Amino acid sequence: MTAHQQGLNDSSALALHGVSDELLGMLTALRETPSMLTPNDKFAPSDMNDLSQAIICRNYGHSCLRLSYLLAAVILVANGSDNNSKRQSPLLQVFWFDEMVNAKRFREFFADIELANLVFDGSFLKLSFDGEAFDISPTQVGYLSAFLEFLVNIIPGVLAKAEQQLADSSVKSVKQFATDLQASLYHFLKSHLSEAQDMRRFRFISTWLDEQSAADSGGITDGTVLRFWQQVAIADEDGLGFKRFRTVAENFSSYVQAVAIGQSKKALNYCVSIGYEVESGELSPEHLEHIISDNDDGLDIQWLGGNPKFLSKQQLALITPILHVGIARDKLPLTLLRASIFGDWQAQLIQATRNKGKGKNSVIDKLQQGCELDYQQYLANLSKLLNDAQKVQAALLHIFVSLEQGEFFSQAAFVFEQAVLEQVQQQLEACHGQIEGHGMYELAIEQFFKQLAAFKLQNRVVNEQLAIAQKAFATNNRVGFKDMPLVDDLPIYRFGGETLAHCLAIITSFLQKTQPIVADNQIGNDIFAADLAIFNAMFNKLYEV
Amino acid sequence: MKEPSNAKSSLSEQVFVALQAKKALRQPLTNTKPVMFADIVAYVMGKSENADDVHQAINSDLSKRYIYKEVLNQSRFAVGLREAHAKSTGEIELRRGQGFTIKLKTSRANAQQCYVILVLDETLLDGNKTSQLLSDTDKSIVLHICGEFNHEHRHQRLQFPPLFDGKSQLMITADDERLLMLKDINNELSLC
């Protein structure tokens with residue numbers, strides 16, 4: 001696949017990002033609406049394509065106005081004629097019972113009608129309300145009636161509203177009705193499409209990547225993100241927020257994810273074959289698995305800082321960005337580092353520029369102070385956090401073993417080395433065997449704790465490990481760990497242990513990715529020095545010192 | 001069953017199966033057609049192909065019921081409101097609406113069957129729009145019966161063959177819910 005094809009592919013995958021299943025289902029159902037007069041579908045496929053495009057790209061402003069004029073015209077004609085009983089809604093009659101969905105029926109309906117403010121001359125329906133002229137072409141009616149069909153499904157009572165509001169055939173009421181339609185549509189799409197601003201940012205990134213694709217075809221890397229920021233931040237006039245490096249990093253990571261999810265949606269819809277021939281367009285199963293599992297990664301961990309307190313506020317702040325970036329964590333590790341370290345610095349700078357009282361000096365001060373940490377210090381902080389969190393896990397283990405709970409065994413899996421874990425499991429099996437008739441595991445667990453003292457005497461390693469766990473609990477002075485909790489309160493401890501283990505696994509893999517890149521050697525130091533120079537220069541330009 | 005030839009193909013199989021399952025889970029949202037406005041219009045006019053789905057949707061979904069009532073209000077040509085009088089004994093055999101009458105007659109041959117006879121009044125047939133509507137010999141008449149039972153919305157529809165001489169009739173079984181609803185004077189009748 002060429003870079004250009006890849007770009008097109010990404011762009012169409014992007015179109016599917018954030019479109020709710022309900023909206024897609026509705027569009028499909030509209031497409032298949034049966035006609036009451038003919039055996040075919042009610043709407044022409046081309047009209048439905050236009051409609052889907054208009055809705056998904058939020059390009060419906062002018063359609064609302066055209067539709068309002070058309071409805072006003074229909075109401076005007078229907079109210080003028082006698083053969084329509086007042087009880088029946090003219091719009092229902094015209095668009096549903098008579099199915100005015102193509103140019104032919106439009107011509108039939110408006111033929112021979114000449115009113116003071118409405119004339120059909122064969123090629124255009126010419127309206128003039130309050131002296132303002134508006135023309136409607138018969139060829140538009142297919143699209144507009146499909147649009148109306150879409151609207152009646154999402155705005156309750158819209159037909160009755162139209163008949164009330166548009167009856168006076170004035171420009172003011174037509175425009176007001178069009179505005180109301182837009183507002184209702186906007187409200188509806190809020191929960192069925194991704195935010196327009198997000199979409200604009202994604203489109204911007206996508207276009208920029210397309211322009212770059214000639215130069216590099218290796219996909220998005222840390223370098224791409226940095227280059228993007230360097231080029232775009234200076235020229236960011238659109239207010240897309242690309243001045244902040246952190247915003248850029250977050251957007252790229254969502255972009256990577258959005259494209260991946262869009263592609264997997266497309267793959268589902270069009271049955272892309274799954275396999276290893278990436279060149280011929282197949283999706284590799286690992287990739288899919290990755291997307292699907294990472295999709296649910298919006299893990300809420302803030303409660304870990306509550307009661308009981310598994311992590312401190314600072315620790316949570318340190319790991320939250322890493323947990324929230326999904327697949328970008330593996331693809332863009334350096335970007336994540338940069339966003340953490342230089343992002344903090346930039347935040348301080350922005351704060352200083354807003355602080356007008358102190359003037360430029362405070363900005364200069366902040367610039368000269370530089371950033372607080374370098375990469376190795378940051379990673380060292382993360383490693384330290386891993387260590388501390390491991391102690392919390394050990395303290396949890398002590399709680400479970402003291403209260404003789406079965407959770408001990410699952411918690412042991414997070415704390416013990418594999419070899420030690422196996423010994424514990426063997427002991428449990430042995431206890432299980434001692435129960436007559438191989439009874440339930442609850443009994444085996446009870447038996448295990450009865451024999452634990454003896455088991456510890458026989459097994460020095462387990463004894464040591466449990467002593468460490470006891471010490472970890474004794475030295476932990478945080479809320480929830482000062483005293484032994486009640487058995488009834490244990491579920492949150494168990495859940496905390498599991499969540500913590502999940503977080504730690506992610507951070508460990510992140511450390512494994514990044515540590516080799518910025519290791520404590522010449523290359524690692526060079527990378528930081530180079531980044532520091534780049535960011536320093538950019539900040540100088542951005543904040544005009 | 002054949003063993004998978006290598007680890008890779010077994011993983012791709014697993015992912016394929018997982019994706020199929022995921023797709024199946026989402027099916028009700030995407031592939032089962034939701035009941036749309038046009039379906040309800042067709043249902044009211046007696047032309048619906050997926051009548052059961054629409055019936056279900058109107059009973060269970062408030063917004064669909066709103067559309068149903070709105071469409072029904074705007075497309076019926078005659079209405080028989082709830083009857084206020086109390087009839088203490090015997091079965092209802094006659095319902096009168098504005099411009100039409102419905103007679104219920106138990107079949108002489110089989111007590112389990114009942115004729116429902118629709119008779120349109122002269123006055124209704126003289127009306128400009130309706131007479132034009134009714135002179136169409138292919139047009140079948142749809143009777144909608146709406147009401148409440150235990151505070152829950154209920155509705156049924158009966159589709160009559162095209163009118164002949166201002167009359168039409170059909171036969172339903174005595175325990176049919178539509179017949180029971182017709183006999184309940186608290187239910188409103190609409191002709192479309």
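Me: Which residues in H18(A) are met by Gln315(A), Leu318(A), Ile319(A) and Ile322(A) in H14(A)?
Reply: The model is a predicted one. In it, H14(A) covers residues 313-323, and H18(A) covers residues 375-402. The residues of H18(A) that meet the four named in H14(A) are Tyr378(A), Asn381(A), Leu382(A), Leu385(A) and Asp388(A).

Me: At what angle do H14(A) and H18(A) pack?
Reply: The axes of H14(A) and H18(A) are 11 Å apart. H14(A) is roughly perpendicular to H18(A), because angles of 65 to 115 degrees count as such. The packing angle itself is about 110°.

Me: Which helix gives the most residues to the largest nonpolar core?
Reply: That core has 99 residues, and those touching the most other members are Trp229(A), Phe252(A), Leu382(A), Phe408(A), Phe416(A), Phe448(A) and Phe481(A). In soluble globular proteins, nonpolar side chains tend to be buried together. With 15 residues, the helix that gives the most to this core is H18(A).

Me: With which residues is Phe481(A) in contact, leaving aside its neighbours within four places in sequence?
Reply: Phe481(A) is among the residues that touch the most other members of the largest nonpolar core. Its contacts beyond those neighbours include Val392(A), Ala395(A), Leu396(A) and Ile399(A), and H18(A) spans residues 375-402. The full set is Pro308(A), Lys309(A), Phe310(A), Val392(A), Ala395(A), Leu396(A), Ile399(A), Phe473(A), Asn476(A) and Tyr493(A).

Me: How many residues does the second, separate core hold?
Reply: Residues of chain A in this core include Phe110(A), Tyr143(A) and Leu181(A). Chain B is represented too, with Val54(B) among the members. The second core holds 87 residues.

Me: Which helices are included in what covers the buried residues of H19(A)?
Reply: H19(A) runs over residues 407-415, and its buried residues are Glu407(A), Phe408(A), Phe409(A), Gln411(A), Ala412(A) and Val415(A). Phe408(A) is also one of the residues that touch the most other members of the largest nonpolar core. The cover over the buried residues of H19(A) includes H18, H20, H21, H23 and H24 of chain A.

Me: Which residues of H8(A) make the contact with H5(A)?
Reply: H5(A), residues 90-97, and H8(A), residues 158-165, pack at about 125° with their axes 9 Å apart. The two helices are therefore oblique to each other. H5(A) contributes Pro90(A), Leu91(A), Leu92(A) and Trp96(A), and the residues of H8(A) are Leu159(A), Ala162(A) and Glu163(A).

Me: Which strands of chain A stand at the edges of the open sheet?
Reply: The sheet has 4 strands in the order E1-E2-E3-E4, with antiparallel pairing. E2(A) and E3(A) share 3 bridges, with Phe120(A) opposite Leu125(A). Each edge strand has a single partner, so one side is left without a neighbour in the sheet; these strands are E1 and E4.

Me: At what angle does H4(A) run to E4(A)?
Reply: Helix H4(A) comprises residues 61-80. It lies across E1, E2, E3 and E4 of chain A. Its angle to E4(A) is about 95°.

Me: How many residues of E4(B) are buried?
Reply: E4(B) pairs antiparallel with E3(B) over 7 bridges, and with E7(B), also antiparallel, over 7 bridges. Leu118(B) stands opposite Ile102(B) in E3(B) and opposite Ser168(B) in E7(B). E4(B) is largely enclosed by the rest of the structure, because the buried residues number 6 of 8.

Me: Which residue in the turn between E5(B) and E6(B) has a positive phi?
Reply: E5(B) and E6(B) pair in the antiparallel sense over 9 bridges, and Ile141(B) has Phe160(B) as its bridge partner. On E5(B) there are also 4 bridges to E8(B), where Leu143(B) stands opposite Leu191(B). E5(B) is mostly covered, with 7 of its 9 residues buried. The hairpin has 2 residues between its strands, and the one with a positive phi, about 50°, is Asn150(B).

Me: What percentage of the residues of chain B count as buried?
Reply: Chain B contains 7 helices and 8 strands. Its accessible surface comes to about 11100 Å², with 50% belonging to carbon and sulfur atoms. Of its 192 residues, the share that counts as buried is 45%.

Conventions. Residues numbered from 1 in each chain as written. Chains lettered and ligands numbered in written order. Predicted model: local features only at pLDDT ≥ 70, side-chain atom pairs only at ≥ 80, totals over all residues. Heavy atoms only, no water. Core = buried A, V, L, I, M, F, W, Y, C linked by side-chain atoms within 4.5 Å. Buried < 20%, exposed > 50% of the residue type's maximum accessible area, 1.4 Å probe, protein only. Contact = heavy atoms within 4.5 Å. Pairing = 2+ DSSP bridges. Areas by Shrake-Rupley, 256 points an atom, 1.4 Å probe, with all protein chains shown as cover. Axes fitted to C-alpha atoms, helices over the stretch in contact; angles between N-to-C directions. Parallel < 35°, antiparallel > 145°, perpendicular 65-115°, else oblique.
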